[in-house]
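Reader: I'd like to learn how to read salt bridges in a model. Could you walk me through them?

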Amino acid sequence: MASDSQSGNEQVILATGGYDHTVKLWQAHTGVCQRTTQHTDSQVNSLDITPDKQLIAAAGFQHIRMYDLTSNNPNPVINYEGVSKNITGVGFQEDGKWMYTGGEDCSARIWDLRSRNLQCQRIFQVSAPVNCVCLHPNQAELIVGDQSGVIHLWDLKTDHNEQLIPEAEASIQDIAIDPEGHFMAAVNNKGHCYIWSLSGGIGEEPTKLNPKHKIEAHKRYALKCTFSPDSTLFVTTSADQTARIWKTIGFSLVQELKHDEQRWVWDAAFSADSQYVLTASSDGVARLWNVVTGKVEKEYKGHQKAITALAFRDFIVRD
């Protein structure tokens, strides 16, 4: 993890949000809160940072608020509305052309960020509340997980969709695809993690999912899963007050991230070098963990209530 004294695309951004109706921006290497933005009318369910690192999107109840990361303006600069319930997930297409969201109104949505009209352009309706949305690295397929246990593969080019039910009646809490597009993971409310290997997904060919592994990842509700930038590890988080790090080869447990005061672990992100994991917890603290030692390296304290979302952008030094 590099220091924050960089400019432009080398800037390190750590943001957290939660039930205290605030979004906080932190200096990642010192643990100092640099800015607190009020997210007044709801809790923060999900955060993501635009690819150009200019804006941060905070998804809450019935809206997505976009805040400017480059100024001290405390007010949202863009508001996306028109969803009747909680928005549970938000993310961006790699060039920042559009944003995708999932919501408890049983829909996934595509929002054109270049349009002056702030209405969503495309809606994918399913029959149960949506808990999570994940964009395939090919930028052409959106994977949608719902509370009835269905994973939907929505092909954005053809509008075709397929369904998958890894475990009947088990709510899909989160879905992740590794950066290289080799694996997909899904976690459910039984604490189980399912892994598929992926093939296809190039040109006109849709992605094919081949069931690979099932892990009894946690004893309780799993909340989040995400892969490391180098695709060698993935982390699962849970209501059992832990995050666990697994290998993508062999799917063995590498590390359990536990802390006496940690409550539900709602969200997690890897650093760009895959050496550290950040977690967000119900005890109102975000933590930076060393993957190898399993020890807490830094704590980010300042939220008054549960932290339910974090977003982290750390730069990868290219050759």
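**Reading the salt bridges**

Author: Let's begin with one residue: Lys208 has a relative accessible area of 45%, so Lys208 is partly exposed (buried is under 20%, exposed over 50%, partly exposed in between, with a 1.4 Å probe and protein chains only). This is a predicted model, where local features need pLDDT of at least 70, side-chain atom pairs count only at pLDDT 80 or more, and totals for chains, interfaces and linings use all residues. Residues are numbered from 1 along each chain as its sequence is written, and side-chain values use heavy atoms, with hydrogens and water left out.

Reader: Which side chain does Lys208 meet in a salt bridge?

Author: Side chains of opposite charge can pair when their charged atoms come close. A salt bridge here is a side-chain nitrogen of Lys or Arg within 4 Å of a carboxyl oxygen of Asp or Glu. Lys208 meets Glu205, at 3.7 Å from N to O. Glu205 is partly exposed too, at 40% relative accessibility.

Reader: How many salt bridges does this rule give?

Author: The count is 13. One of them joins Arg122 and Asp159, with the closest N and O atoms 3.0 Å apart.

Reader: Where in the chain do Arg122 and Asp159 sit?

Author: Arg122 is in strand β11 (residues 122-125), while Asp159 is in the loop between β14 (151-155) and β15 (161-164), so the pair links distant parts of the chain, 37 residues apart; strands are DSSP runs (E, at least two residues), numbered from the N terminus.

Reader: Which residues form a network of salt bridges?

Author: Asp283, Arg287, Glu299 and Lys301 are linked in that way.

Technical notes: Helices (H or I, at least four residues) and strands (E, at least two) are DSSP runs, numbered from the N terminus.
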